[in-house]
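This report goes through a structure with two chains, A and B. It takes up packing, annotated segments, empty space and backbone geometry in turn.

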Amino acid sequence: MSLESAEAEGTTPARSSSGVGYLWYQLRRSPLTMVGLGIIVVVLFIMVAAPWIAPYNPDKLDLLHRLAAPSLAHFFGTDEVGRDIFSRVLWGARTSVTVGLAIVAISMGFGTVIGAFSGLVGGRVDTLIMRFMDVVLSFPSFVMAMALAAALGPNLINAMLAIAVVRIPFYVRLARGQALSLRSKPYVKAAMSFGAPRVQIMRRHIMPNAMAPIIVQATLDIGLAILTASALSFIGLGAQQPTAEWGAMVATGRDYLLDQWWYPTFPGLAILITAVGFNLLGDGLRDMFDPRMRGR
Amino acid sequence: MSFLSIIRRRLIFLVFVVFGVTVVTFVISHMIPGDPARMMAGDRATNEIVENMRRQLGLDQPLWRQYVTYIGQVAQGDFGISIRTQRPVIDDIKRFFPATIELALAALIFAVAVGIPLGVLSAVAKDRWIDQISRTISVTGISTPAFWLGLLLIYLFYGRLGILPGSGRLASGIAPPTTITGFYTVDSLLTFNWPALRSSLIHLILPALTLGFVHLGIVTRQIRSAMLEVLQEDYVRTARASGLPRRTVLFGHALRNALIPSVTMIGLAFGDLLYGAVLTETVFAWPGMGNYVVQSITALDFPAIMGFTVVASTAYVLLNLSVDLVYMWLDPQIREVS
């Protein structure tokens with residue numbers, strides 16, 4: 001969404017406000033989006049601060065206190081070898097969230113470059129790339145990621161690569177569509193006809209408008225990526241013991257479900273809350289950037 | 001463009017997709033570390049036995065020839081013998097596929113039955129508390145790890161309350177109904193097998209809730225945004241202004257039109273449900289394709305993995321095609337042009 005059109009509706013403060021200020025103004029208007037942002041800030045803080053805020057070493061065994069129920073000493077209880085589940089959930093943020101961010105960075109990076117290239121070159125190359133992407137998009141992506149992860153060997157890096165690869169075509173489509181439509185936009189043509197420097201056109205008109213939908217998609221994708229990576233870990237194709245990773249913790253905790261409910265519950269809750277955070281923020285950003293959604 | 005030419009184009013595309021899927025799965029399954037010949041022959045087999053096994057499986061042939069042989073067989077519906085179950089893969093698929101479809105359909109029914117009213121309410125009461133609740137439900141839905149939700153439900157309804165079963169399709173003492181469709185609920189209904197019907201229904205509840213919850217979010221959100229769009233249309237305003245009852249306007253005018261764009265999305269969601277079933281089936285020991293493929297991956301059973309992927313992708317593309325056709329048929333603008 002551009003500043004000008006928002007101003008026309010009188011929904012925005014004075015023109016002098018910077019892009020960031022405007023973004024912040026819009027964010028504050030949506031309580032759910034702010035909740036999402038708040039969750040993400042907390043999760044990122046936990047990621048960074050895990051070594052200082054975790055009460056125990058996440059890998060330290062304590063065979064005397066195995067499968068202890070939640071208490072003041074162990075907020076989330078302990079696991080089958082006496083490790084503190086609370087500390088492992090905090091440390092797990094590092095693994096799970098980093099993997100989610102990395103998946104999106106890889107698929108967005110490759111997808112955007114391929115898509116923009118395809119859209120700008122056009123012609124046969126474009127057709128060939130897009131037909132290929134259509135075929136890849138027709139694959140059942142989770143099953144493909146499973147098969148790829150199994151083929152590469154079950155570990156977290158391979159699971160991450162597998163998920164990233166099957167997500168690339170989504171960004172290819174998105175970026176290509178942007179490249180195609182922006183080339184012929186009246187305001188781009190107008191700027192050109194006024195003799196605006198190319199760099200300025202790129203910076204002021206092309207980049208902000210091309211990146212917005214891609215960034216929105218990426219934000220929404222982080223939640224999905226975290227969910228998918230933890231799902232692969234759950235079926236044994238991702239993080240392996242003793243790594244503190246949320247999906248793998250739920251998988252081990254599954255064996256203790258009926259007697260020690262807390263074991264699988266808390267790591268799973270961490271996945272849910274984190275995914276909610278990214279999805280709320282992504283939704284909010286999409287509403288802001290999609291003029292059709294505004295005011296709804 | 002006419003219906004027929006669209007169908008023709010899409011069928012040609014389908015051939016490409018299936019070809020692509022077979023190539024990719026073939027390559028992937030041959031990248032899987034481990035030696036299937038040795039696995040099949042067993043740990044104590046001599047090298048000679050393993051070599052024989054390798055020849056028997058055709059694994060001593062060059063890759064391209066293995067692929068050509070494979071694609072020839074696939075064209076005849078032959079996906080080879082599963083290394084793990086020792087049965088033809090196609091028989092396994094026939095056996096497990098109905099269970100997955102039954103589960104996915106039940107989940108879809110749940111998602112649609114709850115999602116459509118919730119989406120409508122949400123749009124009508126935009127920004128009021130009911131809208132906030134429904135948006136919270138839909139965001140939670142798409143953010144919930146299905147395997148975890150399944151575990152929580154098992155803990156609560158099976159472990160704590162003891163009112164619902166936590167695994168399988170039928171209670172252990174009950175024989176499966178005579179196979180007609182492969183859906184236990186439908187088959188037991190058709191054969192008047194009441195104990196099997198009751199047992200299959202209560203076994204379906206938790207897995208269907210688990211799988212359906214994620215899609216409930218997607219359906220609600222889609223219906224909400226389609227309704228919001230339609231409610232601003234002139235014909236809705238006119239209908240309102242002419243004094244038609246609110247219900248008539250809402251359901252007769254608005255919802256009918258909001259459903260048109262939603263069909264595509266709900267159809268596609270069904271395709272996703274089939275894959276979501278992989279996790280749900282693992283948690284609930286549901287004897288369907290998802291469980292089958294996870295066990296096949298663990299056992300490096302590549303004829304089974306390839307068979308599953310080819311069948312599932314073909315089903316996915318066919319499903320998309322039929323969804324598009326239904327969409328075209330529903331939308332008068334498109335229907336009349338063609």
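Phe147(B) makes contacts across both chains: beyond its neighbours within four places in sequence, it touches Ser230(A), Ala231(A), Phe234(A), Val250(A) and Ile271(A), together with Leu279(B) and Val283(B). The model is a predicted one, and these contacts are computed from its coordinates.

**Nonpolar cores**

Phe147(B) is also one of the residues that touch the most other members of the largest nonpolar core, along with Met146(A), Leu232(A) and Ile235(A). That core holds 117 residues. Helix H11 of chain A, residues 262-289, gives the largest share of them, 13 residues. Another core lies apart from this one and has 37 residues, including Leu103(B), Val219(B), Leu255(B) and Met265(B).

Leu103(B) is also in contact with Thr280(B), a residue of helix H11 of chain B. How accessible is Thr280(B)? Its relative accessibility is 1%, so Thr280(B) counts as buried. Setting aside neighbours within four places in sequence, the other contacts of Thr280(B) are Ala146(B), Pro207(B), Thr210(B) and Leu211(B).

**Confidence**

The predictor assigns the complex an ipTM of 0.83 and a pTM of 0.85. Chain B has a mean pLDDT of 83, with 95% of its residues at 70 or more. Within chain B, helix H7 (residues 146-160) has the highest confidence, at 94, and helix H14 (residues 332-337) the lowest, at a mean of 59. Where pLDDT is low, predicted coordinates should not be read in detail.

**Annotated segments**

An unreviewed UniProt entry places the feature "transmembrane region" in chain A at residues 32-54, 97-120, 132-150, 156-175, 210-237 and 261-282. For chain B, the unreviewed entry gives this feature at residues 12-32, 103-125, 137-158, 200-219, 263-285 and 305-330. UniProt also lists "domain: ABC transmembrane type-1", again from an unreviewed entry, at residues 97-327 of chain B. The table sets some of these annotated ranges beside values computed from the model.

| Residues | Helix | Strand | Distance between end C-alpha atoms |
|---|---|---|---|
| 210-237 of chain A | 89% | 0% | 35 Å |
| 261-282 of chain A | 95% | 0% | 32 Å |
| 263-285 of chain B | 96% | 0% | 31 Å |
| 305-330 of chain B | 100% | 0% | 37 Å |
| 97-327 of chain B | 81% | 0% | 26 Å |

**Cavities and a pocket**

How many cavities of 30 Å³ or more does a search of the whole structure find? The search finds two. The largest cavity contains about 50 Å³ of space. Its lining consists of Phe97(B), Thr100(B), Leu274(B), Tyr275(B), Met289(B), Phe308(B) and Ala312(B). Helix H5 (89-124), H11 and helix H13 (302-330) of chain B are the elements that give two or more residues to this lining.

The second largest pocket has a volume of about 700 Å³. It is lined by 24 residues, and the closest to its centre are Arg131(A), Phe132(A), Asp134(A), Val135(A) and Val136(A). Which elements each supply at least two residues of the lining? In chain A they are helix H5 (123-138), helix H6 (141-152) and helix H7 (156-183), and in chain B helix H1 (3-31). The largest share, 10 residues, comes from H1(B).

**Backbone geometry**

Most residues other than glycine have a negative phi. Leu67(A) is not a glycine, yet its phi is positive, at about 50°. Leu67(A) sits in the loop between helix H3 (31-53) and helix H4 (85-121) of chain A. Is Leu67(A) buried or partly exposed? Its relative accessible area is 22%, so Leu67(A) is partly exposed; the limit for buried is under 20%.

Ala285(B) likewise has a positive phi, of about 45°, without being a glycine. In chain B, the loop between helix H11 (246-284) and helix H12 (289-298) holds Ala285(B). With 40% relative accessibility, Ala285(B) counts as partly exposed. Ala285(B) thus follows H11 of chain B in a loop, whereas Thr280(B) lies within that helix and is buried.

Conventions. Residues numbered from 1 in each chain as written. Chains lettered and ligands numbered in written order. Predicted model: local features only at pLDDT ≥ 70, side-chain atom pairs only at ≥ 80, totals over all residues. Heavy atoms only, no water. Core = buried A, V, L, I, M, F, W, Y, C linked by side-chain atoms within 4.5 Å. Buried < 20%, exposed > 50% of the residue type's maximum accessible area, 1.4 Å probe, protein only. Helix = DSSP H or I, 4+ residues; strand = E, 2+ residues; numbered from the N terminus. Contact = heavy atoms within 4.5 Å. pLDDT = per-residue confidence, 0-100. UniProt positions renumbered as here; feature names shortened; annotations may be inferred. 1 Å grid on protein atoms, 1.4 Å probe; cavity = no way out; pocket = protein on both sides within 12 Å on 5 of 7 lines; lining within 4 Å. Points joined across faces, edges and corners; volume = space filled by probe spheres on them.
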